[in-house]
Amino acid sequence: MTRKVIIDCDPGIDDAVALCMALFDPRLEVVAVTAVGGNVSPEQATRNVQAILDQLDPPRRPRIGCAGETANPLPADARHIFGNDGLGNNDFPCIEHHQRHPAEKVICDEVRAAPNQVTVVACGPLTNIARALMRDPDLPSVIGQLVIMGGTVSAPGNVTPAAEFNIYCDPASARTVFRSAMTKTLVPLDVTTQVVQTFDFLDQIPDESSRAGSFLRKTLPYLYRSHRQYLGEEGIHLHDAVALVAATDRELFELKQMSGDVEVSGELTRGATVFDRRRLPQSRPNMEVAVSADGAAVTDCILRSLGEAARAT
Ligand code: BDR
Ligand code: CA
């Protein structure tokens, strides 16, 4: 039996890789892909979701949810890492759709249509998930599971010393989601950075003869260049792809029940995730957190999924 998933993302090359894996994974049925502003603006994120689907052309077309504007301008973006268009400056063509459904509506509709069966994988800021909760406060009782790429437990942040990018972009929404009763699994930077794709990864991804291979070969080299230029790293981290693996192959991760919250203000700490490790009654766990991963096995999983995508396209 396949598992229904919604990929909520702000593409972003690592988001695009996660999407490419999910769309052709025979264990999954991607019922919707919803866009959120983060790595790029909300408008660009929606265009990128559309463009990725057009490039990959999966046999079952998921519903698309459009990213709404945010009340305040995004405090950060990652165009220096992913290119001005978020996808390695490829400027993939994108046909505008007339039927534009807001991301949070699509999430609520799809979760309600299959109670307790839908896993949402949140690969961007938690804006859409918080809005979905506002729209349907009973969502926690009908959502299957929420897997979140975001935050840090002990690792340093990647946008400020204390904060990880997805949480930093919209800490208020992240706090709402963390404090909600949804069944959550957090995949923080501590774990996603344990999984490194060194240069030989590029030799192992599918060749250009398939749609998936061609898309990956047009986008991934940009990420290697920007990691070297801005981070001084000779490899890349596909954070969102690792979160997807946590949703499909959880046995590759060590998971711990923890009590997590988000700092929403603070000159140095805005967007930091805070875990209460005291043994007090009020420190009750509210999420499962990935604390370590079998990095080599996770990379194998990513390569296997990308291979499936190539065979299907
Ligand atoms: C997260 O931030 C984004 O830049 C990536 O796409 C990923 O979701 C990593 O901190
Ligand atoms: Ca992302």
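These are my notebook entries on a predicted model, taken feature by feature.

**Calcium site**

I started with the metal. Which residues coordinate the calcium ion (ligand 2)? I found D10 (OD), D15 (OD) listed twice, C123 (O) and D240 (OD), at 2.3 to 2.6 Å. Along the chain, the donors follow the spacing D-x4-D-x107-C-x116-D. I then placed two of them: D10 is in the loop between strand 1 and helix 1, while C123 is in the loop between strand 4 (118-122) and helix 5 (127-135), so this pair ties together parts that are 113 residues apart in sequence. Buried or exposed, these two? Both D10 and C123 come out buried.

I stayed in the loop between strand 1 and helix 1, where G12 is also found. The peptide bond joining P11 and G12 is cis, with omega at about -5°. I flagged that one because most peptide bonds are trans.

**Helix 2**

Next I went to helix 2, residues 42-56. Its 15 residues reach 21 Å from first C-alpha to last, close to the 21 Å expected at 1.5 Å a residue. How many of its residues are buried? I get 12 of the 15, so the helix is largely enclosed by the rest of the structure. The buried ones are P42, Q44, A45, T46, N48, V49, Q50, A51, I52, L53, Q55 and L56.

What do they pack against? My list has strand 1 (3-9), helix 1 (13-23), strand 2 (28-35), strand 3 (63-65) and helix 11 (211-231). Just after helix 2 comes D57, and its phi is positive, near 50°.

**Helix 13**

I ran the span check on helix 13 (residues 295-312) as well. It has 18 residues and reaches 26 Å between its end C-alphas, close to the 26 Å expected. Its buried residues are G295, A297, V298, T299, C301, I302, L303, S305, L306, G307, A309 and A310.

**Aromatic rings and a charge**

How many aromatic pairs are there? The count comes to two. I looked at F92 and F215: the ring centres are 5.3 Å apart and the planes sit at 35°, so I logged the pair as tilted. This pair links distant parts of the chain, with F92 in the loop between helix 3 and helix 4 (103-113) and F215 in helix 11, 123 residues apart. F92 is buried, at 13% relative accessible area, and F215 counts as buried at 1%.

I also checked for a charge over a ring. The charged end of R270 sits over the ring of Y168, 5.3 Å from the ring centre.

**Cysteines**

How many disulfides does the model have? Zero, by my count. C20 is in none, and the nearest cysteine sulfur, in C9, is 12 Å away. C20 is buried, with a relative accessible area of 0%. Why is C108 unpaired as well? The closest cysteine sulfur to that of C108 is in C66, 15 Å away, so it is too far for a bond. At 5% relative accessibility, C108 counts as buried.

**Positive phi**

I then went through the backbone angles. Most residues other than glycine have a negative phi, so I noted the exceptions. D91 is not a glycine, yet its phi is positive, at about 45°. Where is D91? It is in the loop between helix 3 and helix 4, and at 60% relative accessibility it counts as exposed. N116 is another non-glycine with a positive phi, at about 65°. I found N116 in the loop between helix 4 and strand 4.

**N72**

My last lookup was N72, in the loop between strand 3 and helix 3 (79-82). Buried or exposed? N72 is exposed, with a relative accessible area of 58%. I took one distance from there: the C-alpha atoms of N72 and K184 are separated by 26 Å, and the two residues are 112 apart along the chain.

Definitions and conventions: Residues are numbered from 1 along each chain as its sequence is written. Chains are lettered from A and ligands numbered from 1 in the order in which they are written. This is a predicted model: local features need pLDDT of at least 70, side-chain atom pairs count only at pLDDT 80 or more; totals for chains, interfaces and linings use all residues. Side-chain values use heavy atoms; hydrogens and water are left out. Helices (H or I, at least four residues) and strands (E, at least two) are DSSP runs, numbered from the N terminus. The expected span of a helix is 1.5 Å times one less than its number of residues. Buried means under 20% relative accessible area, exposed over 50%, partly exposed in between (1.4 Å probe, protein chains only). Contact means heavy atoms within 4.5 Å. Donors are N, O and S atoms within 2.8 Å of the metal (3.2 Å for Na, K and Ca); water is not among the atoms, so sites may look incomplete. Rings of Phe, Tyr and Trp (its six-membered ring) pair if their centres lie within 6.5 Å; planes under 30 degrees apart count as stacked, over 60 as edge-to-face and the rest as tilted. A charge sits over a ring if NZ of Lys or CZ of Arg is within 6 Å of the ring centre and within 35 degrees of the ring normal. A disulfide is a pair of cysteine sulfur atoms within 2.5 Å.
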